[in-house]
Amino acid sequence: SLPGETPSDPSGAPPWLTQSVESIQAMELMAFDRDICQCLNCPLGSTRKNFVFGSGNPQAPVLFVGEAPGADEDEKGLPFVGKAGQLLTKIIESTKTWKREEVFICNVLKCRPPGNRTPLPEEVEQCRPYLEEQIRIIRPKLIMALGASAAQALLKTKDSVGKLRNKWHEFEGVPLRVTYHPAALLRFDGYKKDVWEDMKELTAKYQQIKEK
């Protein structure tokens with residue numbers, strides 16, 4: 001595949017798709033990916049190796065949103081595949097409610113910022129419509145924002161994760177919870193307990209929604 005293109009498999013399903021291609025959401029997401037994967041709206045478009053659309057189930061009940069691709073993600077064209085991503089998989093699966101392939105995972109930015117620096121406000125502005133369209137297509141029941149960049153982009157706030165945690169927010173009618181980014185857990189072990197609490201809140205809310 002060309003630089004900046006997601007490698008595709010012969011069946012026509014992109015490698016980021018973890019569930020059947022049959023659904024309308026899958027079709028819409030694949031079409032949307034094709035529309036935007038050559039994006040050059042900001043300078044990151046010309047420095048990336050791969051555009052990182054996201055990965056998972058197009059009909060996911062829960063959407064996890066991180067900050068931006070890192071080196072491993074830029075290399076593979078998939079989100080959360082490095083150490084932080086492996087930890088995220090463990091966090092998701094520890095709930096005993098979802099497997100990683102049953103949820104959808106993406107980032108606010110679809111291209112890696114050089115040296116993994118924090119996304120700039122103008123990069124977030126350029127990329128946010130893509131994220132909003134993904135949410136519109138997937139129609140998740142719940143959103144979990146991982147870290148400050150994701151929370152601030154979705155909630156249009158400058159508040160810290162510490163301030164935004166422990167309460168429910170809303171993104172266009174979808175209940176949204178904020179927790180620490182898995183990369184932060186690799187640096188500060190103390191956050192693990194907080195994230196576990198946040199995940200328990202997320203799963204409890206999901207059970208409530210399911211029972212309605």
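Q: Is cysteine 37 buried or exposed in this one?
A: In this predicted model, cysteine 37 has a relative accessibility of 11%, and because of that value it counts as buried.

Q: And which cysteine sulfur is nearest to that of cysteine 37?
A: The nearest one belongs to cysteine 39 and lies 9.7 Å away, and cysteine 37 takes part in no disulfide, since a disulfide needs the two sulfur atoms within 2.5 Å.

Q: What about cysteine 127, how far off is its nearest cysteine sulfur?
A: The sulfur of cysteine 111 is the nearest, at 6.2 Å, and cysteine 127 is likewise in no disulfide; cysteine 127 is also buried, with 11% relative accessible area.

Q: So how many disulfides are there by that rule?
A: The count comes to 0.

Q: Switching topic, how many helices and strands does the chain have?
A: The chain has 9 helices and 6 strands.

Q: What radius of gyration does the chain have, set against a compact globule?
A: The chain comes out at 16 Å, which agrees with the value near 17 Å that a compact globule of 212 residues would have, and the C-alpha trace spans about 45 × 40 × 30 Å along its principal axes.

Q: What share of the residues is buried?
A: Buried residues account for 53% of the 212 in the chain, and of the contacts with a separation of 6 or more, 70% are between residues 24 or more positions apart.

Q: And the surface, how much of it belongs to carbon and sulfur atoms?
A: Carbon and sulfur atoms hold 51% of an accessible surface of about 10,400 Å².

Q: Last one, how far apart are the mean positions of the positive and negative charges?
A: They are 5 Å apart, taken over 29 positive and 28 negative charges.

Note on methods:
Residues are numbered from 1 along each chain as its sequence is written. This is a predicted model: local features need pLDDT of at least 70, side-chain atom pairs count only at pLDDT 80 or more; totals for chains, interfaces and linings use all residues. Side-chain values use heavy atoms; hydrogens and water are left out. Buried means under 20% relative accessible area, exposed over 50%, partly exposed in between (1.4 Å probe, protein chains only). Helices (H or I, at least four residues) and strands (E, at least two) are DSSP runs, numbered from the N terminus. The radius of gyration is taken over C-alpha atoms; the globule rule is 2.2 Å times the number of residues to the power 0.38. Contact means heavy atoms within 4.5 Å. Accessible areas come from the Shrake-Rupley method with a 1.4 Å probe; for residues, only the protein chains shown count as cover. Lys and Arg count as positive and Asp and Glu as negative; His and the chain ends are not counted. The place of a charge is taken as NZ of Lys, CZ of Arg, CG of Asp or CD of Glu.
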